[in-house]
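Below are some notes on the model you sent round. They are set out as numbered points, to be read beside the structure.

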Amino acid sequence: MPGQNKMITKQVIQAQEREREAIGREKHDNVGQMLSTIKLYLDIVTKNTDAGEQLLPKSIELLISSIQEIRNLSHELSAPTLGTKLLVDSINDLLQNVNPSAGLHVQFSPDEDADKIEMEQKLSI
């Protein structure tokens with residue numbers, strides 16, 4: 001049974017890494033498109049200053065969106081904080097982020113021994 005638990009844990013971690021890569025590609029493509037559009041707008045403005053009145057506000061808007069996307073990406077891809085947080089606290093943090101954004105209401109009632117499990121199991125959870 002311990003060998004099977006390690007195999008399951010390894011598979012879960014590999015799945016997490018694949019998911020992180022997919023998120024990274026998706027966000028990278030989105031931010032890349034926004035930054036390319038900003039560059040295009042600024043190139044147009046340098047050649048035609050009359051276009052600046054319309055394109056500079058759009059550029060600023062896209063830049064702000066790009067910054068927010070990068071912040072979101074950093075947050076989504078950051079390593080789990082289980083080294084510095086209790087499992088229960090990490091789950092509660094996750095639920096605070098998921099509940100409003102997904103339109104779900106999830107309640108979590110941990111057992112008092114929830115934080116006494118091994119680190120590999122915590123990461124799997």
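The points go from the overall fold to single residues.

1. The model is predicted, not experimental. Its confidence limits apply to what follows: local features need pLDDT of at least 70, and side-chain atom pairs count only at pLDDT 80 or more.

2. The secondary structure is helical, with four helices and zero strands. Along the sequence the pattern reads α-α-α-α.

3. Burial is given for the whole protein: 20% of the 125 residues count as buried. The accessible surface is about 9600 Å², and carbon and sulfur atoms account for 56% of that area.

4. As for contacts between residues at least 6 apart in sequence, 63% of them join residues at least 24 apart.

5. Ser59 lies in helix 2, which spans residues 52-77. Is Ser59 buried or exposed? Ser59 counts as buried because its relative accessibility is 5%, and the cut-off for buried is under 20%. Once neighbours within four places in sequence are set aside, Ser59 is in contact with Ile38, Tyr41 and Leu42.

6. On the surface, which residues make the nonpolar patch of about 240 Å²? The patch is made by Leu35, Leu63 and Ile67. Leu35 belongs to helix 1, residues 2-47. Leu35 has a relative accessible area of 40%, so it is classed as partly exposed; that value meets the patch requirement of over 30%.

How values were computed. Residues are numbered from 1 along each chain as its sequence is written. Side-chain values use heavy atoms; hydrogens and water are left out. Helices (H or I, at least four residues) and strands (E, at least two) are DSSP runs, numbered from the N terminus. Buried means under 20% relative accessible area, exposed over 50%, partly exposed in between (1.4 Å probe, protein chains only). Contact means heavy atoms within 4.5 Å. Accessible areas come from the Shrake-Rupley method with a 1.4 Å probe; for residues, only the protein chains shown count as cover. Patches are made of residues with over 30% relative accessible area and no salt bridge: like charges are joined within 9 Å, nonpolar side chains (Val, Leu, Ile, Met, Phe, Trp, Tyr) within 5 Å. A salt bridge is a side-chain nitrogen of Lys or Arg within 4 Å of a carboxyl oxygen of Asp or Glu.
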